[in-house]
Amino acid sequence: MKQYIADLIKRKDYVSWLKGKKVGVFAPTGMGKSSFIIYEVLQFCSMAGKKILILCNRTLLHRQYDFDIAEIYERYIEFIDDVEIATYQEIAE
């Protein structure tokens, strides 16, 4: 049975990430990283008053995050201050 990131990383795990640590989530394609970030981490960080950086390897993935977040959250504008989505190239510049 295929496991997804949400099956492997539980709330008790990512709650401890908020204690001043920077965390990267790395996994192969199709493991549910984007869904995990959008449905679990983003919502939790917003409620906890924390910010999140979503670092993408492609502009297309950046746009997909924008679209998915806007579709899921009625008030996307509230997340603008909490979420930064950038490509590696944007950070390098």
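**Pocket lining and nonpolar core around helix H3**

Helix H3 makes the greatest contribution to the lining of the largest pocket, supplying six residues. The structure is a predicted model, and the pocket in question encloses about 1,100 Å³ of space. Its lining comprises 33 residues, among which Gly 24, Val 25, Ile 37, Leu 53 and Leu 55 lie nearest the centre of the pocket. At least two lining residues come from each of helix H2 (11–17), helix H3 (33–48), strand E1 (52–56) and helix H4 (59–72). By residue class, the lining of this pocket consists of 19 nonpolar, eight polar and six charged residues.

Helix H3 itself is not straight, as a kink of about 35° is centred on Val 41. Val 41 also belongs to the buried residues of this helix, which are Phe 36, Ile 37, Ile 38, Val 41, Leu 42, Phe 44 and Cys 45. An α-helix has 3.6 residues a turn, so residues three or four places apart point the same way. The packing partners of the buried residues of H3 are helix H1 (5–8), H2, E1, H4 and E2. Just after the end of H3, Gly 49 adopts a positive phi of about 75°.

The analysis of buried nonpolar residues leads back to several of these elements. In the largest nonpolar core, which contains 19 residues, Ile 54 and Ile 69 are the residues that touch the most other members. Each of H3, E1, H4 and strand E2 (83–87) provides at least two residues of this core, and the largest share, seven residues, is drawn from H3. In soluble globular proteins, nonpolar side chains tend to be buried together. When residues up to four places away in sequence are left out of account, the contacts of Ile 54 are with Ile 37, Tyr 65, Ile 69, Val 83, Glu 84, Ile 85 and Ala 86. Among these partners, Ile 37 is one of the buried residues of H3 and is also one of the lining residues that lie nearest the centre of the largest pocket, whereas Ile 69 shares with Ile 54 the position of touching the most other members of the core.

A contrasting environment is found for Leu 60, a residue of helix H4. The relative accessible area of Leu 60 is 57%, and the residue is therefore classed as exposed, the cut-off for this class being over 50%. Leu 60 is separated from Asp 82 by 22 residues in sequence, and the distance between the two in space is 21 Å, C-alpha to C-alpha.

Note on methods: Residues numbered from 1 in each chain as written. Predicted model: local features only at pLDDT ≥ 70, side-chain atom pairs only at ≥ 80, totals over all residues. Heavy atoms only, no water. 1 Å grid on protein atoms, 1.4 Å probe; cavity = no way out; pocket = protein on both sides within 12 Å on 5 of 7 lines; lining within 4 Å. Points joined across faces, edges and corners; volume = space filled by probe spheres on them. Helix = DSSP H or I, 4+ residues; strand = E, 2+ residues; numbered from the N terminus. Nonpolar A, V, L, I, M, F, W, Y, C, P; charged D, E, K, R; others polar. Core = buried A, V, L, I, M, F, W, Y, C linked by side-chain atoms within 4.5 Å. Buried < 20%, exposed > 50% of the residue type's maximum accessible area, 1.4 Å probe, protein only. Contact = heavy atoms within 4.5 Å. Bend = angle between axes of the 7 residues up to and from the residue.
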